[in-house]
Amino acid sequence: PQFEQSLLAAGAVPGDVINDVRWFQHGYYKARFPSGLGGILLSRPLLEGTLRKHVRHLHNVTVVDDTHVLGLEMDARRARVKGVRIHRGGYEPALVTGALVVDASWR
């Protein structure tokens with residue numbers, strides 16, 4: 001909720017994705033015309049930073065920064081991931097469990 005408003009407040013620009021954008025494909029600029037297809041024009045860093053800010057506010061999500069992933073923790077049948085083994089500088093290796101594990105280290 002409020003994700004689009006956060007993007008706009010941070011500098012994203014609303015517009016018609018055909019009329020307000022110069023599309024260049026296969027060596028040619030595409031024709032511009034009012035399409036009625038609304039969108040938001042923004043940079044990737046703005047999208048990623050805003051998304052990260054919103055995810056950090058979710059009560060059932062933990063974001064762990066500055067951490068090395070040692071490996072995945074599997075269930076007994078090795079059919080599903082149930083957590084991730086991590087190491088943070090100055091701490092002992094630890095296991096973080098969850099219903100959904102996302103490794104975004106190569107973002």
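Helices and strands are taken here as DSSP runs, of at least four residues for a helix and at least two for a strand, numbered from the N terminus. With that in hand, the predicted model can be read along its sequence as α-β-β-β-β-α-β-β-β. In total, the protein holds two helices and seven strands.

The overall form comes next. The C-alpha trace spans about 55 × 30 × 25 Å along its principal axes. The radius of gyration of the protein is 20 Å, whereas a compact globule of 107 residues would have one near 13 Å. Of the 107 residues, 13% count as buried. The accessible surface of the protein amounts to about 8800 Å², and carbon and sulfur atoms contribute 57% of that area. Among contacts with a separation of 6 or more, 27% join residues that are 24 or more positions apart.

One example of a link between distant parts of the sequence begins near the N terminus. F3 belongs to helix α1, which covers residues 3-9. Although F3 and L51 are 48 residues apart in sequence, their C-alpha atoms are 7.7 Å apart in space. Beyond its neighbours within four places in sequence, F3 is in contact with L47, T50, L51 and H54. Helix α2 runs from 44 to 56, and F3 therefore meets α2 through these four residues. The relative accessible area of F3 is 26%, so this residue is classed as partly exposed, between the limits of 20% and 50%.

The model also contains a pocket worth a visit. Rolling a probe the size of a water molecule over the atoms shows where empty space is left. The largest pocket encloses about 930 Å³ of space. Its lining is made up of 26 residues, and T62, V63, V64, V102 and A104 lie nearest the centre. Two or more lining residues come from each of α2 (44-56), β6 (81-87) and β7. Helix α2 gives the most to this lining, with five residues. By chemical character, the lining of the largest pocket divides into 13 nonpolar, seven polar and six charged residues.

Strand β7 deserves a second look. This strand spans residues 94-97 and includes L95. Apart from neighbours within four places in sequence, L95 is in contact with E73, G83, V84 and R85. Three of these partners, G83, V84 and R85, fall within the range of β6 (81-87), while E73 falls within that of β5 (68-74). By comparison with these contacts, H59 is a remote reference point: L95 and H59 are 36 residues apart in sequence and 20 Å apart in space, C-alpha to C-alpha. L95 has a relative accessibility of 44% and therefore counts as partly exposed, since the exposed class begins over 50%.

Two loop residues stand out for their backbone angles. D66, in the loop between α2 and β5 (68-74), has a positive phi of about 50 degrees although it is not a glycine. R78, in the loop between β5 and β6, likewise is not a glycine and has a positive phi, of about 55 degrees. The relative accessible area of D66 is 74%, over the 50% limit, so D66 is exposed. R78 counts as exposed for the corresponding reason, with a relative accessibility of 63%.

Note on methods: Residues numbered from 1 in each chain as written. Predicted model: local features only at pLDDT ≥ 70, side-chain atom pairs only at ≥ 80, totals over all residues. Heavy atoms only, no water. Buried < 20%, exposed > 50% of the residue type's maximum accessible area, 1.4 Å probe, protein only. Contact = heavy atoms within 4.5 Å. 1 Å grid on protein atoms, 1.4 Å probe; cavity = no way out; pocket = protein on both sides within 12 Å on 5 of 7 lines; lining within 4 Å. Points joined across faces, edges and corners; volume = space filled by probe spheres on them. Nonpolar A, V, L, I, M, F, W, Y, C, P; charged D, E, K, R; others polar. Rg over C-alpha atoms; globule rule 2.2 N^0.38 Å. Areas by Shrake-Rupley, 256 points an atom, 1.4 Å probe, with all protein chains shown as cover.
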